[in-house]
Amino acid sequence: MSIIVNLDVMMARRKMSLNELSEQVGVSIVNLSILKQSKGKAIRFSTLGAVCKALNCQPGDILEYKDDGDDG
Amino acid sequence: MLIKYYLNNFFMKKSVSTSVIIFALFMVVILTLQKKAPELVIGMAVLSTFLFLFSMIVRNSISFKPYFTSRYNVLTSKVRHQVEYDLPKDILFEKMKEVLTEAGFKVRHADKDAGILVATSAISLYSWGENIYVDITESSGKTKVDFCSACFFGIVSWGRNEKNYERMMETFENSLII
């Protein structure tokens, strides 16, 4: 996948657990785990905004585009 | 088996008028039989009642999963599907549990270690409800989800088993938009 979710990196920087983030963002731990592993299909702006607010960061800190050479 | 397949396909596209016609035909057969062989009709009614009550009692028990899912049990129409995901088993288990509830099923049994989920659908005008069995297993880096929707009581599912699978998959796909 070209878009990589660096949620675990930001969580480690902020020393925040998945439970804490789940409580602050209002998204279940299961969904955050899926997001963290870049297995989600899409992310809502509202979720992205809430995560950025909780982690005090920018969307670019969480999402990263990586060119994997796959045209499809 | 072929007849069951065609009947299921037929009922998948059923409308209210189709159901009324089928019900009317059924009633005609029953009334004709009642005149010619009343003992047979009574016997069938007693047997049906017994099987219905038996199914009702054992429905929520995991011990009777083989009874409902067995391919030799012609009294319960069933549909099976297998899907593969590259998500860890424990996460997928929790996700499936969440999805089943969101899709309108009632989770009756959940065993995280064994990766077994048992749920039931609601009773409606057209159905006595179906039993949903979800088995989550991990093998060679992939997580397999075995889905089985079995009629609680009925030789023909009226397309409800397929609809249950579609409903669950649709809810699962939608739930990946976080």
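This report covers chain B as a whole, then two helices, the salt bridges and some surface residues.

This is a predicted model: local features need pLDDT of at least 70, side-chain atom pairs count only at pLDDT 80 or more, and totals for chains, interfaces and linings use all residues. Residues are numbered from 1 along each chain as its sequence is written, chains are lettered from A in the order in which they are written, and side-chain values use heavy atoms, with hydrogens and water left out.

## Chain B overall

Chain B has six helices and five strands. Helices (H or I, at least four residues) and strands (E, at least two) are DSSP runs, numbered from the N terminus. Their order from the N terminus is α-α-α-α-β-α-β-β-β-β-α.

Chain B has 178 residues, and 39% of them count as buried. Buried means under 20% relative accessible area, exposed over 50%, and partly exposed in between (1.4 Å probe, protein chains only). The accessible surface of chain B is about 10,200 Å². Carbon and sulfur atoms hold 65% of that surface. Areas come from the Shrake-Rupley method with a 1.4 Å probe; for residues, only the protein chains shown count as cover.

Contact means heavy atoms within 4.5 Å. Among contacts in chain B with a separation of 6 or more, 57% join residues 24 or more positions apart.

## Helix α6 of chain B

Helix α6(B) spans residues 160-175, 16 residues in number. From first C-alpha to last it reaches 22 Å, close to the 22 Å expected at 1.5 Å a residue. The expected span is 1.5 Å times one less than the number of residues.

The buried residues in α6(B) are Asn161(B), Asn164(B), Tyr165(B), Met168(B), Met169(B), Thr171(B), Phe172(B) and Ser175(B). They cover an arc of only 160 degrees around the axis, so they sit on the same side of α6(B). The arc is that of the directions from the helix axis to the C-beta atoms.

Both chains contribute to the cover over these residues. Chain A supplies α3 (29-36). From chain B, the cover includes β1 (78-85), α5 (89-102), β4 (130-139) and β5 (142-151).

## Helix α2 of chain A

In α2(A), Leu18(A), Leu21(A), Ser22(A) and Val25(A) are buried. Their arc around the axis is only 100 degrees, which puts them on the same side of α2(A). Their cover includes α1 (7-13), α3 and α4 (45-55) of chain A.

Gln24(A) also lies in this helix, residues 18-25. Beyond its neighbours within four places in sequence, Gln24(A) contacts Met16(A) and Ala54(A). Gln24(A) and Lys53(A) are 29 residues apart in sequence, yet their C-alpha atoms are 9.1 Å apart. Just after the helix, Gly26(A) takes a positive phi of about 80 degrees.

## Salt bridges

Side chains of opposite charge can pair when their charged atoms come close. Here a salt bridge is a side-chain nitrogen of Lys or Arg within 4 Å of a carboxyl oxygen of Asp or Glu. The whole structure has six over all chains. The table gives some of them.

| Basic residue | Acidic residue | N to O distance |
|---|---|---|
| Lys112(B) | Glu94(B) | 3.3 Å |
| Lys95(B) | Glu98(B) | 3.7 Å |
| Arg160(B) | Glu130(B) | 3.1 Å |

Glu130(B) and Arg160(B) link distant parts of the chain, strand β4 and helix α6 of chain B, 30 residues apart. Glu130(B) is buried, at 0% relative accessibility.

The salt bridge of Lys112(B) with Glu94(B) joins a loop to a helix. Lys112(B) lies in the loop between β2 (106-111) and β3 (116-120) and Glu94(B) in α5 of chain B, so the pair ties together parts 18 residues apart in sequence. Both ends are partly exposed: Lys112(B) at 41% and Glu94(B) at 26%.

Lys95(B) and Glu98(B) both lie in helix α5 of chain B, three residues apart, about one turn. Lys95(B) is buried at 0% relative accessible area, whereas Glu98(B) is partly exposed at 23%.

## Surface residues of chain B

Phe26(B), Met27(B) and Leu31(B) form a nonpolar surface patch with about 280 Å² of accessible area together. Patches are made of residues with over 30% relative accessible area and no salt bridge; like charges are joined within 9 Å, nonpolar side chains (Val, Leu, Ile, Met, Phe, Trp, Tyr) within 5 Å. Met27(B) lies in helix α2 (residues 16-36) of chain B and is partly exposed at 33%.

Leu33(B) lies in α2 of chain B too. Leu33(B) is partly exposed, at 26%. Not counting residues up to four places away in sequence, Leu33(B) touches Pro38(B), Leu40(B) and Val41(B).
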